[in-house]
Amino acid sequence: MNTKDFDFDLPEELIAQTPLEKRDASKLLIIDKTTKMFVDTHFDHIIDELNPGDALVMNNTRVLPARLYGQKEKTNGHVELLLLKNQEGDAWEVLAKPAKRLKVGSVIIFGDGRLKATVTKELEHGGRIVVFSYEGIFLEVLESLGEMPLPPYIHEKLEDKERYQTVYAKENGSAAAPTAGLHFTKELLEKIEKKGVKLVYLTLHVGLGTFRPVAVDNIEEHDMHSEFYHFSEEAANTLNEVKASGHRVIAVGTTSIRTLETIGNKFNGQLKADSGWTNIFIKPGYEFKIVDAFSTNFHLPKSTLVMLVSAFAGREFVLSAYQHAIDENYRFFSFGDAMFIK
């Protein structure tokens with residue numbers, strides 16, 4: 001299949017720039033792939049789509065405030081670093097701007113000097129390995145100095161950092177939020193649990209590769225990015241019991257789907273405790289092993305995420321759902337509205 005098969009025209013004004021005041025007030029488009037029906041509602045009504053005995057699976061990764069602004073020690077030249085991946089100890093792989101001025105040995109100072117970074121290796125495409133030195137606890141220093149690495153299509157400043165975190169965010173390590181989870185409130189999750197739905201958590205640290213466009217015409221030639229996941233024995237046992245009893249595993253977001261399907265493929269349709277890196281590319285023709293339904297946001301044209309949703313519900317039907325959402329003025333992308341696909 002060609003990348004252009006997953007393209008659609010999106011008016012720029014439908015790209016949500018800020019989160020709604022109330023998380024679960026966003027719109028929800030319910031999509032039934034069997035009846036080919038759409039229902040327009042609001043996100044807090046997702047509880048009506050969940051049955052006692054089902055499991056709701058959420059990604060509890062937490063976004064690092066990974067964008068840092070500083071100055072070169074010797075020249076006071078402005079430098080921007082985006083933390084990508086912790087290597088070992090205080091060494092990090094970062095994306096640097098302007099990278100050409102940051103040679104091995106360069107030192108960057110942030111804030112009042114409580115945080116410094118020394119370049120130890122040059123990588124391609126503006127990448128660098130830096131070693132941080134600081135006083136106190138690194139994550140606390142980062143929280144005070146860093147900014148949220150919002151997606152490139154968001155141009156408004158985020159007033160409250162926590163609005164780019166899910167209410168259940170716990171495990172530090174992501175460069176981007178698992179945005180399908182941004183719609184849940186603690187109160188809504190409590191109601192869902194009281195209904196008899198099991199709440200299950202996994203971790204997949206979202207990388208910036210999630211925003212990388214598909215640059216090839218033939219999707220089979222696309223090189224998928226890798227992301228680290230962790231899945232506990234408790235979560236595996238719960239979901240295996242849910243499956244065995246004939247109930248549904250319902251994923252929140254594409255990151256949860258990719259983790260569950262990676263493990264399901266690895267263990268022949270069963271779930272077991274597991275950690276590792278996944279570069280699974282779910283596209284039309286893929287047979288789902290674990291996930292029975294899911295919620296997700298509306299994704300970028302020609303993205304691997306539109307391809308994933310199309311693998312579950314069919315390309316033409318998914319594109320017709322996107323067109324319905326455009327016609328009804330749904331808000332798109334990270335701070336936008338959601339769909340529930342069953």
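The following passage describes the strand arrangement of a barrel and the helix that lies across its strands in a predicted model.

The barrel is closed and comprises 6 strands, in the order β5-β6-β7-β10-β9-β8, with antiparallel pairing. Between neighbouring strands of this sheet, the average turn is 45°, with direction ignored. In general, strands of a sheet pair through backbone hydrogen bonds, in either a parallel or an antiparallel manner.

Several of the pairings can be described at the level of residues. Strand β7, spanning residues 91-97, runs antiparallel to strand β10, spanning residues 127-134, and the two are joined by 5 bridges. Within this pairing, Glu93 has Ile129 of β10 as its bridge partner. Strands β5 and β8 are likewise antiparallel, with 3 bridges between them; here Gln71 is positioned opposite Ile109 in β8.

Strand β8 also pairs with β9, in the antiparallel sense and over 4 bridges. The bridge partner of Phe110 in β9 is Leu115. These two strands, β8 and β9, form a hairpin in which 4 residues lie between them. Gly111, located in the turn, adopts a positive phi of about 60°.

Helix α1, formed by residues 138-145, lies across β5 (67-72), β6 (78-88), β7, β8 (107-110), β9 (115-122) and β10. Relative to β9, helix α1 runs at about 100°. The strands crossed by helix α1 are those that make up the closed barrel.

Definitions and conventions
Residues are numbered from 1 along each chain as its sequence is written. This is a predicted model: local features need pLDDT of at least 70, side-chain atom pairs count only at pLDDT 80 or more; totals for chains, interfaces and linings use all residues. Side-chain values use heavy atoms; hydrogens and water are left out. Two strands pair if DSSP finds at least two bridges between them. Axes are lines fitted to C-alpha atoms, for helices over the stretch in contact, and angles run from 0 to 180 degrees between N-to-C directions. Contact means heavy atoms within 4.5 Å.
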